[in-house]
Amino acid sequence: MKRSSTRRAFLRAVGGGVLLAPFGRLLENSVAQAAGETLPLKFVTIYHPHGISAEYWAMKAADTETAFDITYENCSLQPFDDAATYGKSFKDKLLAIEGIDLLSNANGHDTAGCILTGSRIEGGAKPQNISLDQYLAVTKGLGSATRVTSLSLGVGNDGTASGVTLSYGEGGVALPKIIDPVKAFDLLFDGVVVGDDPAAKAAAERKRKLSQSVIDYQTWDIKRLRAKLAPPEQQKLDQHLTALSELEKQLGTGSSGGGASCMVPPRPDATKFPNLKQYNGGEPYFDAITDAHIDVLAQALACDITRFATLFLDDLSYADNPLGLPSDNHGAVAHPYNASPVGNDGRPGDGDPATWVPLAKFNRYAYSKVARLMQKLDALGALDSTIIYVTSDMGNPAQHSTRNVPTVLAGGANGKFRMGRRLKMQPDCPAMSPWCGPNDAAFTPVTNSRLLVSIAQAFDQELDAFGTQPDMALTQGTLSGLT
Amino acid sequence: MKLVNLANIGALVQIRVMRALPNALAVAAPLLGLAFACQPAADPHPGSGTGGSGAGGSAQNLAGSVSLPDGTQATALLPARIRRLSDAEYQASVSALLGDSAAVADVSKDFVPDSRQSGFTLNEAQRVDPVLAGQLAAAATQLAAEVRKDVAQRAPCDNPATDADKCATAFITSFGFQAYRRPLDADEVTQLMTVFHTALDGGSYDEGIELTARAMLQSAAFLYLTEIGKAPATTVELTPFEVVSAISYLIQGRPPSPDLLMQVKDMNADDARKTILGTDLFFGTYTRDRVVRIIREWLGTDQVTDLAKDTTKYADFEKIKADMAGETTNFLAELAQTHGSSLRELLAADWTVANGNLANIGYGMPDVTGDFQHISTPNRLGILNQGAFLSVFAHAQETAPVLRGVALMRRVACVAVGDPVNLTTAVVPPAPDPSKTTRERFAAHSVGSCAACHDGIDNFGFAFEGFDAMGKTRTDDNGKPVDTSVTIAGTDFAGSYADSNALVKAMSVSPQVRECFARHMFRALAASSADAIRPSEDDFVTYWKTTLPQTAGTVDDVGIVDTLKAYINSPAFIYRRAQ
């Protein structure tokens, strides 16, 4: 990023190179922010399970692109316009997009891997290319300036199958998620000192020095072994070396002071979530885990500790859950959903309105977590410089349909996208043949690849396609109407 | 540069062994002084530490390629390579080093799950990514704190003010020997002493030991098993340390003991192999646990604990899920101990080991009570008709003949099955229809282009329609009788079968299935399923066939453990080729 005059002035004032990354930067950012400058763009992707109750999500007849109501009863988008709960309305930071398709060629449950890759899921197992967050953060180096290049968080499930993973490295290699907020905190903030306490600074410096010594030895050891190996084997160690570089970046202890927007948050209270894993007693704690993840993430973004994050949410499938939903969200909320045409990819039928409400309630819960993140980021001055991409692996969950998936962009996006709107993409199929599919000439999907290209361009990347499809034209172009 | 005299390692290992004894320190201290007089000794091959070259090591492999035994082709060798310890191997390794205190026993429980290849956790795809690197660093910090707590025993030093270096060198050499499964060379000791001094500077001797342990416990030397011999060449022989490490991890899932490492340090690879095979390697709980793990991973039944079913249809699943996993484990353990780990029995046993909960709720056997026990199951033969397999290869709401069929074809019979992605067709599962059985709905597969693959796949799967998506016996599906009769084609057990019991009985004596089993065991043990090593797999299968017991000129069964032995004993096992 080109440095502005305010930034240069700031760096001169504090002695330039003395303030090394990343904590010099966060102070630098807070100064820049105070001067009314644009902060570096950040990108967060949030997955929520179980698709969407479209009847309580899609635009109503009276809605227009810029004038729309999301406060009516049962509307799942309510949290974005709920000043009573979140301090202010975030409706002007919302862009809800209808009609995006995930062409995963896989069961809806295996499709999350398509969200940030735009790729078919190979053999139901993995996408075939890198995910956008990793492309920007790693391939294009946009995450290299921060302490943590990118962050992958999850609730309840630390698996790496394509159905539970958003972030992928080169070639579609799944990246694991951190499901323990304490571990996430330690990764992001361990060793960070904001303030002027000399004893704290000295202790942090010694800790850094010892850790650096260990990393130096590991690096020496790996390089020595690497020299004895053939190239294919060397690649195994290259990734290890990259991982060590990442650890090394995290050793920075920072400078004195810190901007108003940056402070080290308290370490999450692990007693609030004694179990972490799905199907292993973790479900009752998913809400607390989600909140803790979001609070840590918001602070990390505000401190410019990372600029790229994914968060894989889970449901609240346990008896007496706070939503008052059946103890099996999947079997008793998502599966019974019986949609009208708006939620059924245009197919006819009245559906069953009684089945729309429970799913809408769960959807609203997921969006309430996004609103929580927006509220925190806003308070920390980082919302305007963030793009939050919220979606699911399915549209209609009863059909396991990967078409018409609910797509929400949130945040200020540094003005790259015009927010405060609702968009509706063209239908996939003509009204006369709503059952059309990928093998039909009439099938005209709007793929998520276009959205990924648009987001990449928001990061000033010259890119015109993203993803892997048999018809590569489906991966090309931007999403119209965003800018 | 001063070099540690490796000949003195023996004394150090004695110290480690005596550590557990009362007053061990009093004995150890003078030995340490003796062992680390640090006499200069020439290392004829600097930088050969990874492969490990003990004093007096065999000289024949130090330059160029080795001569392979007659009949062994270089193209059939596995490549010279490294592989990262799996999570389970890591845990076993730190436990072997540091004991079983709670802080040690739980240290890896939240590690990123292993990557899988063909279901197996031992594989060449394991990497250290940033998340795992962070977890390894945190674990090493936790473990090093344990070392420090016990520093008086693990790194004794009467007078750190004057002897810190000598004591630290002793610790690095002895702890490193066990952690790295070979002697450390001089460069490694020097580097680790730098780590020690970083902490000693402004800190204490104990802190220095702690930091040094922390470095060793996340080093490549600890985390990776090497199979590279002593020096790069077209064909190499593994070092004796590599041989016993490989065998120990493959058969017991844990590192070799320091005593064994000492015993083989001057041997060639073949003698090292014979030495470890001469121990009680194949007996006891470690080997049994390895057999259990390999078979569970092969057949995918280890996935059952991370599975959920639609509770509106399968409300009982959560009640017996853990017991299904327990059944597989206990069944395999009994199979290994009392049935010669017979493949035939694995696939067609008319018994299992279940507890009352599973037998009552899952298998409709109300008379069984109490803990896991041997019970007769004449209508549920072998592991493929057990709850775990039937639940894993099923959907959350209904059975999945395709998943069951493909699992049998690929994993048990080695019948090639195409991948729909390669056909660039949209996969649309048949829509739920409450008026039809699952089999009737899947009749859509028998027409058009689908039939080419699905006639084969579905017939394997339909045989199991007598069991629902959590393995309960059923006679009807959506109110209509289930049809489990199938016709299997294209295998050496082609024919018509009434149900899955009849099918698995035929499969249990099929040479094709036996060979398929051997191929999967090879992939589990060679830690690779890559196409590039198919010649190695073929070579192993050829050798394995020569080891099979015959009755009147025919083979009628194979042992699982015998197959593991055959892999270790195969001529190619101790050699590697350049990549």
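**A walk outward from A:Thr45**

Let's start with one residue: setting aside anything up to four places away in sequence, A:Thr45 touches A:Leu116, A:Asp133, A:Leu166, A:Thr310 and A:Tyr389. Keep in mind that you are looking at a predicted model. A:Thr45 sits in strand β1 of chain A. Buried or exposed, then, is A:Thr45? It counts as buried, because 23 other C-beta atoms lie within 10 Å. For a sense of scale, try A:Gly351: A:Thr45 and A:Gly351 are 306 residues apart in sequence, and their C-alpha atoms are 31 Å apart in space.

Now zoom out to the strands around this spot. β1 belongs to an open sheet of seven strands in chain A, and reading across it gives β5-β6-β1-β7-β8-β2-β9, with mixed pairing. β5 (151-154) and β9 (421-424) of chain A are the edge strands, each pairing on one side only. Ignoring direction, neighbouring strands in this sheet are turned by 15 degrees against each other on average. As a reminder, strands of a sheet pair through backbone hydrogen bonds, in either a parallel or an antiparallel arrangement. For one concrete pair, take β7 (residues 386-391) and β8 (residues 405-410) of chain A, which are joined in the antiparallel sense over four bridges. In that pair A:Tyr389, already met as a contact of A:Thr45, stands opposite A:Leu409 in β8(A).

Next come the helices that lie over this sheet. α5(A) lies across β1 and β6 of chain A and runs at about 155 degrees to β6(A). Helix α9 (residues 286-302) of chain A lies across β1, β5, β6 and β7 of chain A, at about 170 degrees to β6(A).

How covered is α5, residues 132-139 of chain A? Mostly: seven of its eight residues are buried. The buried ones are A:Leu132, A:Asp133, A:Gln134, A:Tyr135, A:Leu136, A:Ala137 and A:Val138. A:Asp133 should ring a bell, as one of the residues that A:Thr45 touches. The cover over the buried part of α5(A) includes β1 (42-47), β6 (308-312) and α12 (448-458) of chain A. After α5(A) comes A:Gly141, with a positive phi near 75 degrees.

A:Ile455 helps tie these pieces together. Leaving out neighbours within four places in sequence, A:Ile455 is in contact with A:Phe43, A:Leu132, A:Ile387 and A:Tyr389. A:Ile455 also turns up in the largest nonpolar core, which has 287 residues: A:Leu297, A:Ile388 and A:Ile455 are the ones that touch the most other members. Helix α11 (residues 356-379) of chain A provides the largest share of this core, 12 residues. As general background, nonpolar side chains in soluble globular proteins tend to be buried together.

Stepping back to chain A as a whole, there are 12 helices and nine strands. Of its 483 residues, 57% are buried. Among contacts in chain A with a separation of 6 or more, 71% are between residues 24 or more positions apart.

Chain A also has a partner. Here 47 residues of chain A are in contact with 42 residues of chain B. On the side of chain A that touches chain B, the elements giving two or more residues are α7 (198-226), α8 (231-249) and α10 (329-334) of chain A. The largest share, 11 residues, comes from α7(A). By class, this side of chain A splits into 21 nonpolar, 14 polar and 12 charged residues.

Over in chain B, look for an open sheet of three strands in the order β1-β11-β4, with mixed pairing. β1 (78-79) and β4 (235-237) of chain B each have a single partner strand, so one side of each has no neighbour in the sheet. β1(B) and β11 (residues 575-577) of chain B run parallel and are joined by two bridges. Within this pairing, B:Pro79 stands opposite B:Arg577 in β11(B).

Last stop: a helix pair in chain B. The axes of α19 (residues 401-413) and α23 (residues 511-526) of chain B come within 7 Å and cross at roughly 75 degrees. That angle is why α19(B) and α23(B) are described as roughly perpendicular to each other. B:Arg411, B:Val412 and B:Ala413 of α19(B) make the contact with B:Gln512, B:Val513, B:Cys516 and B:His520 of α23(B). By class, that contact has four nonpolar, two polar and one charged residues.

Note on methods
Residues are numbered from 1 along each chain as its sequence is written. Chains are lettered from A and ligands numbered from 1 in the order in which they are written. This is a predicted model: local features need pLDDT of at least 70, side-chain atom pairs count only at pLDDT 80 or more; totals for chains, interfaces and linings use all residues. A residue is buried if 20 or more other C-beta atoms lie within 10 Å of its own, exposed if 12 or fewer, and partly exposed in between; C-beta atoms are placed from the backbone. Two residues are in contact if their C-beta atoms, placed from the backbone, lie within 7 Å. Two strands pair if DSSP finds at least two bridges between them. Axes are lines fitted to C-alpha atoms, for helices over the stretch in contact, and angles run from 0 to 180 degrees between N-to-C directions. Angles under 35 degrees count as roughly parallel, over 145 as roughly antiparallel, 65 to 115 as roughly perpendicular and the rest as oblique. Ala, Val, Leu, Ile, Met, Phe, Trp, Tyr, Cys and Pro count as nonpolar, Asp, Glu, Lys and Arg as charged, and the others, Gly among them, as polar. A nonpolar core is a set of buried Ala, Val, Leu, Ile, Met, Phe, Trp, Tyr and Cys residues joined through C-beta atoms within 7 Å.
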